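These are my notes from a session of looking things up in one structure. I begin with the chain as a whole and then go to single elements and residues.

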Amino acid sequence: MRLRMKGTPYKMRWRAKELSLALIILVCTTIFILTWDRSPTLTSTLPSKNQLQLSPEYRDKTVPVDPKTHVKEDISTLTRGEAVNNKEGQHVDKTHSTNTDKSSSDFEEVTIQKKEAAAKHKHSPKREETNVIESGSDSKLIAETNNVILRGNTSEQEEKSVDHQACDYRKGKWVIDDRRPLYSGHGCKQWLASMWACRMMQRQDFAFEKLRWQPKDCEMEEFEGSKFLKRMKDKTLAFVGDSLGRQQFQSLMCMITASKNSPDVLDVGKDYGLVIPPGGKRPNGWAYRFPSTNTTVLYYWSSTLCDLEPLDILNPQTEYAMHLDRPPAFLRDFLDRIDVLVLNSGHHWNRGKLKANKWIMYVGGKPNTNRRIADMGSAKNFTIHSTLKWLNSQLPTHPHLKAFYRSISPRHFVNGDWNSGGSCNNTIPMSIGKEVLQEESTDQSAASAVKGTRIALLDITALSQVRDEGHISRFSITASPGVQDCLHWCLPGVPDTWNEILFALI
């Protein structure tokens with residue numbers, strides 16, 4: 001009996017200790033779970049989300065990509081000095097060109113730009129040099145859109161603006177919508193180049209025109225031409241970039257007019273120096289004004305987003321200084337007149353194009369001798385960072401300007417490149433996936449370039465990556481036999497979505 005009396009308090013104390021320990025473990029576990037998402041130390045142990053993530057039902061499917069130039073290779077660096085399509089005649093508009101063996105759009109546009117640049121530099125003083133910066137390392141996306149300060153009495157329009165900017169348009173899925181497309185590929189002949197109007201080709205299936213991008217946690221504002229013009233009243237929107245930027249420009253013109261003939265729209269290219277140069281075949285861009293709202297939409301061709309200067313303005317065969325640390329002269333001359341600016345670059349950064357166009361890399365006003373910059377990928381990153389740094393420095397004195405850098409548009413060549421049998425024959429929408437779930441941009445180079453600036457990233461890479469059926473493919477009317485266009489898109493098509501997102505952001 002004595003043993004029991006002595007043992008009972010001991011056991012009770014032991015059980016109390018056990019209960020206390022269990023309670024402590026429970027509290028710690030709860031705290032651990034609650035702080036899991038908030039702790040960078042904990043979340044850093046998770047696998048990287050920097051790769052294209054599809055919905056579970058599609059994760060086991062293989063996404064066909066070019067084995068030589070996977071989208072991430074286009075996005076970050078091109079370390080090989082491979083010649084890539086110096087004659088992209090199969091990809092470009094020949095509307096204003098005559099029969100010639102050199103039918104490359106890129107080459108023709110460069111030739112025009114060369115003549116225009118020669119004329120400019122002949123009558124203008126040497127341009128000042130901009131600050132040189134080092135190419136930054138890849139980093140997480142910081143896509144800063146326009147800051148909206150919430151006040152006590154926030155209007156409905158302001159609330160919608162906040163909702164649009166808070167929406168992560170990168171995440172979502174493609175859905176079928178019978179109200180699509182937003183315009184007719186047959187009817188938009190006033191603005192749409194025939195080489196991109198797949199309705200005018202031999203293609204027979206057009207299910208790809210019925211897809212609409214649905215963001216994951218929000219609704220995307222429905223695009224209407226009248227709403228766009230009202231929002232852009234007395235303003236100018238400018239696309240500056242390569243042929244994919246030109247596709248986005250033509251797409252927007254068709255969207256605004258709903259492919260209806262618009263004789264009242266004015267050609268104001270002369271106001272921006274966009275005229276056919278002597279001996280040229282077409283201007284270096286186009287500018288149109290909608291008189292009802294005094295809204296101007298323009299495109300300027302600058303595939304590498306840097307300044308080109310003829311080394312000998314009197315020699316038609318002159319080489320050109322490709323100033324990696326100077327923004328395009330067009331931006332410096334007309335930035336004051338632009339309210340919304342969309343830049344892009346990417347697919348022209350290869351040795352073949354530089355050689356064909358007689359471009360020589362310059363840094364600090366002299367031929368580049370830095371081997372680290374001479375690499376194609378590094379040269380691209382250096383230039384984009386330099387141009388965006390300059391643009392960001394201009395924003396304080398241009399408070400009306402909203403600036404975007406559009407991420408790269410993916411290629412879908414399979415089993416080769418454009419000149420080695422590469423193809424993109426799939427015509428079935430959503431056959432490689434339909435949903436994008438990643439938290440970060442697939443184009444890390446673009447995300448790095450806008451980091452720490454007030455320039456927003458128009459991130460379209462991942463949502464476009466699952467749309468391999470939307471390319472012009474083998475149906476191109478300008479391609480050489482056996483050559484497919486797995487770079488440019490059919491219009492109506494994927495670039496319309498880029499403009500819908502842009503519309504929501506402005």
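Before counting anything I fixed the term: a contact here means heavy atoms within 4.5 Å. With that in hand, I looked up how the contacts in the protein chain are distributed, and found that residues 24 or more positions apart account for 79% of those with a separation of 6 or more. I note at the outset that this is a predicted model, and I read every value below as computed from it.

**Entry 1, the whole chain.** I looked up the secondary structure, which comes to 14 helices and 16 strands. Of the 506 residues of the protein chain, 55% count as buried. For the accessible surface I noted about 23,800 Å², with 53% of that area belonging to carbon and sulfur atoms.

**Entry 2, the nonpolar cores.** Which residues have the most contacts inside the largest nonpolar core? I listed Phe 228, Leu 237, Phe 239, Val 297, Leu 324 and Phe 404, in a core that has 78 residues. There is also a second, separate core of 30 residues, and I wrote down Leu 331, Trp 390, Val 450 and Leu 457 as included in it. I then went back to Leu 237 and looked up its partners, leaving aside residues up to four places away in sequence: they are Phe 228, Met 232, Leu 252, Thr 296, Val 297, Leu 298, Val 340, Leu 502 and Ile 506. Of these partners, I marked Leu 502 for the next entry, since it is among the buried residues of helix H14.

**Entry 3, helix H14.** I looked up the span of H14, residues 494–505, and found that its twelve residues reach 17 Å from the first C-alpha to the last, which is close to the 16 Å expected at 1.5 Å a residue. Is this helix enclosed or exposed? Twelve of the twelve residues are buried, so H14 is largely enclosed by the rest of the structure. The buried residues include not only nonpolar names such as Trp 498 and Phe 503 but also Asp 496, Asn 499 and Glu 500. I took Thr 497, which has its place in H14, as a single case: its relative accessible area is 2%, and because the cut-off for buried is under 20%, Thr 497 counts as buried. Beyond four places in sequence, Thr 497 touches Trp 174, Trp 213 and Leu 463.

**Entry 4, cis peptide bonds.** Just ahead of the same helix, in the loop between strand S16 (485–489) and H14, I found Pro 492, and the peptide bond from Leu 491 to Pro 492 is cis, with omega near 0°. Another cis bond runs from Arg 180 to Pro 181, with omega near 5°; Pro 181 is found in the loop between strand S1 (172–176) and strand S2 (211–215).

**Entry 5, positive phi.** I looked up two residues in the loop between S12 and S13, namely Asn 415 and Met 430. Phi of Asn 415 is near 60°, a positive value in a residue other than glycine, and Met 430, also not a glycine, has a positive phi of about 60°. Are they buried or exposed? Asn 415 is exposed, with a relative accessible area of 63%, whereas Met 430 is buried, at 16%.

**Entry 6, pairs distant in sequence.** Ser 259 has its place in the loop between helix H7 (243–257) and strand S4 (266–267), and it is buried, with a relative accessible area of 13%. Its C-alpha atom is separated by 8.6 Å from that of Leu 182, 77 residues apart along the chain. Among the residues that Ser 259 touches, I noted Tyr 183, Ser 184, Gly 187 and Cys 188. A second pair is Gln 444 and Ser 407, 37 residues apart along the chain, with their C-alpha atoms separated by 8.9 Å; Gln 444 is in helix H12 (residues 444–450) and is buried, with a relative accessible area of 19%.

**Entry 7, a surface patch.** Last, I looked up a nonpolar surface patch of about 280 Å², made by Leu 23, Leu 26 and Val 27. Val 27 lies in helix H1 (residues 2–35) and is partly exposed, with a relative accessible area of 41%.

Notes
Residues are numbered from 1 along each chain as its sequence is written. This is a predicted model: local features need pLDDT of at least 70, side-chain atom pairs count only at pLDDT 80 or more; totals for chains, interfaces and linings use all residues. Side-chain values use heavy atoms; hydrogens and water are left out. The expected span of a helix is 1.5 Å times one less than its number of residues. Buried means under 20% relative accessible area, exposed over 50%, partly exposed in between (1.4 Å probe, protein chains only). A nonpolar core is a set of buried Ala, Val, Leu, Ile, Met, Phe, Trp, Tyr and Cys residues joined through side-chain atoms within 4.5 Å. Patches are made of residues with over 30% relative accessible area and no salt bridge: like charges are joined within 9 Å, nonpolar side chains (Val, Leu, Ile, Met, Phe, Trp, Tyr) within 5 Å. Accessible areas come from the Shrake-Rupley method with a 1.4 Å probe; for residues, only the protein chains shown count as cover. A salt bridge is a side-chain nitrogen of Lys or Arg within 4 Å of a carboxyl oxygen of Asp or Glu.
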